Amino acid sequence: MAYPLVQINLKKIKHNTKTLVALCHEHGIKVAGVTKVFCAIPEITHAMIEGGISSIADSRIENLMHYKDNPLPKILLRLPMICESQAVVEYADISLNSEIETIRALGKAATSKGIIHKIILMVDLGDLREGIWDEEELYDVVEETLTIEGVKLIGIGTNLTCYGGVIPNEYNLGKLVLIKETIEDKYNISLDIVSGGNSSSLFLVEIGLMPTGINQLRLGESIVLGRETAFGNRIKNTYDDAFLLTSEIIELKDKPSIPVGEIGMDAFGNTPKFEDIGIRKRAICAIGKQDVDIHDVSLVDKDIKIMGGSSDHIILDITDSPNDYHVGDTITFKLNYGGVLRITTSPYVKKVFIG
Ligand SMILES: *Cc1c(COP(=O)(O)O)cnc(C)c1O
């Protein structure tokens, strides 16, 4: 085996997807499977598709390009850049939007290719990332969008718990449903999609408080890590270890717990602080900040402590572990969202699929 590697259990991804798709379907909600956290690696996306997602969603058009021939609808999650309009209408069937200028550009691009690009308008319900905040502006944008050639307004959506940490509830998501009904009445149209957020909206489904009318959720982290993201709770009947990072021990020595000499700055310009706890058995693993942040990993062997890291190393205190480690042995880590994101992006980490 060559390390570092991330082992990705496709059966667990498929199982998690099935669990969430079934839960959402019970409440009339379709799942857009979000692939950005794992760079849309095709094997993993495929496991999500087998698990029953209704569409493929990603924030980057480069990731959606892999799925040009896939029959599922592709949704671009990040508001499009005007400079990428041509690629957006080519590789995404649907995009989330909040700017009329961008919608005009998408309309032009779609018209030049003789296609219709679908638009979901984003409404900001208080989290203050993307979305139209002002209600007047919202209706102005709807009105103009309905006149633009090459685009079709198919729904509205929102995103919560990303910038502002705002928790979804019956009131803010209920308001989204009301806005949808107002648009339908005012313009005599029907909107197919009310997209009620990301993995932070799932708990409302679990406790039966998701407002009727919300019919899509865009789920990434909950599928990948079995965790809802409003409160960070584990989701029943899901796995949290579909991704496991393994790295090799390249040095194993007893050393003092305080560096010897005058202390200046570490490799990242911080002045480190140390506590004297005597001589400790320290292992250095061949993986570092270039691949993953030490705050985004946790040890499978609970008796190991992380001492720190640098660009290419993670330093561990293995003194209290009952396991007898040697140079050349491996250490396995679980990953959080940021960990999965960076590990799957790192070209230095081999991806190994099981299941
Ligand atoms: C990333 C993203 C999601 C998915 O978020 P998770 O917390 O991973 O479920 C949904 N919608 C938008 C707009 C996103 O950018």
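A residue counts as near the ligand if one of its heavy atoms lies within 4 Å of the ligand. With that in mind, here are some close-up views of this predicted model.

**Figure 1. The ligand and the residues that surround it.** Let's begin at the ligand, which has 14 residues around it. Lys-36, Ser-199, Arg-218, Gly-220 and Glu-221 are the closest of these. Sorted by class, the shell holds five charged residues, five nonpolar ones and four polar ones.

**Figure 2. Polar atoms of Asn-159, Arg-218 and Gly-220 beside the ligand.** Which part of Gly-220 lies 2.8 Å from an oxygen atom of the ligand? It is a backbone N or O atom of Gly-220. Arg-218 uses its side chain instead, with a polar atom 2.9 Å from a ligand nitrogen. For Asn-159, an N or O atom of the side chain is 3.5 Å from a nitrogen atom of the ligand. As for cover, the ligand taken alone exposes 390 Å², and the protein buries 94% of that area.

**Figure 3. The largest pocket and its lining.** Our next stop is the largest pocket, which contains about 800 Å³ of space. Its lining is made up of 30 residues, and those nearest the centre are Phe-274, Arg-282, Met-307, Gly-308 and Ile-315. Four elements each give two or more residues to this lining: β10 (243-256), β11 (279-285), β13 (305-310) and β14 (313-317). Which element provides the largest share of the lining? That is β13, with six residues. By class, the lining of the largest pocket divides into 15 nonpolar, nine charged and six polar residues.

**Figure 4. Glu-101 in helix α5.** Helix α5 covers residues 100-113, and Glu-101 is one of them. Is Glu-101 buried or exposed? Its relative accessibility is 53%, so Glu-101 counts as exposed, the cut-off being over 50%. For a sense of distance, the C-alpha atoms of Glu-101 and Gly-28 are separated by 33 Å, and the two residues are 73 apart along the chain.

**Figure 5. A cis peptide bond between Tyr-3 and Pro-4.** Here is a backbone detail to look for: the peptide bond joining Tyr-3 and Pro-4 is cis, with omega of about -5 degrees. Pro-4 belongs to the segment before strand β1 (5-9).

**Figure 6. Ala-40, a residue with a positive phi.** Ala-40 is not a glycine, yet its phi is positive, at about 55 degrees. You will find Ala-40 in the loop that runs between β2 (30-34) and α2 (42-51). Ala-40 counts as buried because its relative accessibility is 0%.

**Figure 7. Asn-188, another non-glycine residue with a positive phi.** Where does Asn-188 sit? Its place is the loop between α7 (170-187) and β8 (193-195). The phi of Asn-188 is about 55 degrees. With a relative accessible area of 70%, Asn-188 is exposed.

**Figure 8. Ser-321 and its side-chain partner Asp-301.** Our last view turns to the loop between β14 and β15 (330-335), where Ser-321 lies. The relative accessible area of Ser-321 is 10%, so this residue is buried, the cut-off being under 20%. Which residue does the side chain of Ser-321 contact? A polar contact of 2.7 Å joins it to the side chain of Asp-301.

How values were computed
Residues are numbered from 1 along each chain as its sequence is written. This is a predicted model: local features need pLDDT of at least 70, side-chain atom pairs count only at pLDDT 80 or more; totals for chains, interfaces and linings use all residues. Side-chain values use heavy atoms; hydrogens and water are left out. A polar contact is a pair of N or O atoms within 3.5 Å; within protein, one must be able to donate a hydrogen and the other to accept it, and residues adjacent in sequence count only if both atoms are side-chain atoms. Accessible areas come from the Shrake-Rupley method with a 1.4 Å probe; for residues, only the protein chains shown count as cover. Ala, Val, Leu, Ile, Met, Phe, Trp, Tyr, Cys and Pro count as nonpolar, Asp, Glu, Lys and Arg as charged, and the others, Gly among them, as polar. On a 1 Å grid over the protein atoms alone, a cavity is a set of points where a 1.4 Å probe fits but cannot get out, and a pocket is an open set with protein on both sides within 12 Å along at least five of seven lines; lining residues have an atom within 4 Å of a point. Grid points are joined across faces, edges and corners, and a volume is the space filled by probe spheres set on the points. Buried means under 20% relative accessible area, exposed over 50%, partly exposed in between (1.4 Å probe, protein chains only).
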